[in-house]
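Biologist: I have the sequence and the model open side by side. Could you take me through one part of this fold closely, at a friendly pace?

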Amino acid sequence: MELIINGEKIRIPADESTVTGLLQHFDLHQKVVIVELNDEILAKESLSETILSNGDKVEIVHFVGGG
């Protein structure tokens, strides 16, 4: 499946077709993230139920600590 993630076309395995699967693919599932799918911010509770489709536009923002 091909998605546009943070402005880049990226191909991911079709078996990672949920937002949670996508986050696991990028090893972000344990981090605090905000996910926007096709210009709509998703609730954290819906990430495992939200199915991705070929060509979807996904924005992922995660927080990095530092000082």
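Biologist: Let's look at the sheet: in what order do the strands lie, and is the sheet open or closed?

Modeller: Happy to! Keep in mind that this is a predicted model. The sheet is open, and its 5 strands run in the order 2-1-5-3-4, with mixed pairing. At the edges sit strand 2 (8–11) and strand 4 (40–41), each of which pairs on one side only. Strand 2 has strand 1 (residues 2–5) as an antiparallel partner, and 4 bridges link the two. Within that pair, Ile-5 faces Glu-8 of strand 2.

Now for strand 3, where you will find Glu-36. The C-alpha atoms of Glu-36 and Glu-59 are 5.0 Å apart, although 23 residues separate the two along the chain. Leaving aside residues up to four places away in sequence, Glu-36 touches Ile-41, Lys-57, Val-58 and Glu-59. Glu-36 counts as partly exposed because its relative accessible area is 24%, which lies between the 20% and 50% cut-offs.

Val-35 leads us to the largest nonpolar core: of the 16 residues there, Leu-22, Leu-23, Val-35, Leu-52, Val-58 and Ile-60 touch the most other members. At least two residues of this core come from each of strand 1, helix 1 (19–25), strand 3 (33–37) and strand 5 (57–62). With the same sequence neighbours left out, the contacts of Val-35 include Val-19, Leu-23, Leu-42, Leu-47 and Val-58. Val-35 also touches Glu-40, Ile-41 and Glu-59. As a general point, nonpolar side chains tend to be buried together in soluble globular proteins.

Notes
Residues are numbered from 1 along each chain as its sequence is written. This is a predicted model: local features need pLDDT of at least 70, side-chain atom pairs count only at pLDDT 80 or more; totals for chains, interfaces and linings use all residues. Side-chain values use heavy atoms; hydrogens and water are left out. Two strands pair if DSSP finds at least two bridges between them. A nonpolar core is a set of buried Ala, Val, Leu, Ile, Met, Phe, Trp, Tyr and Cys residues joined through side-chain atoms within 4.5 Å. Buried means under 20% relative accessible area, exposed over 50%, partly exposed in between (1.4 Å probe, protein chains only). Contact means heavy atoms within 4.5 Å.
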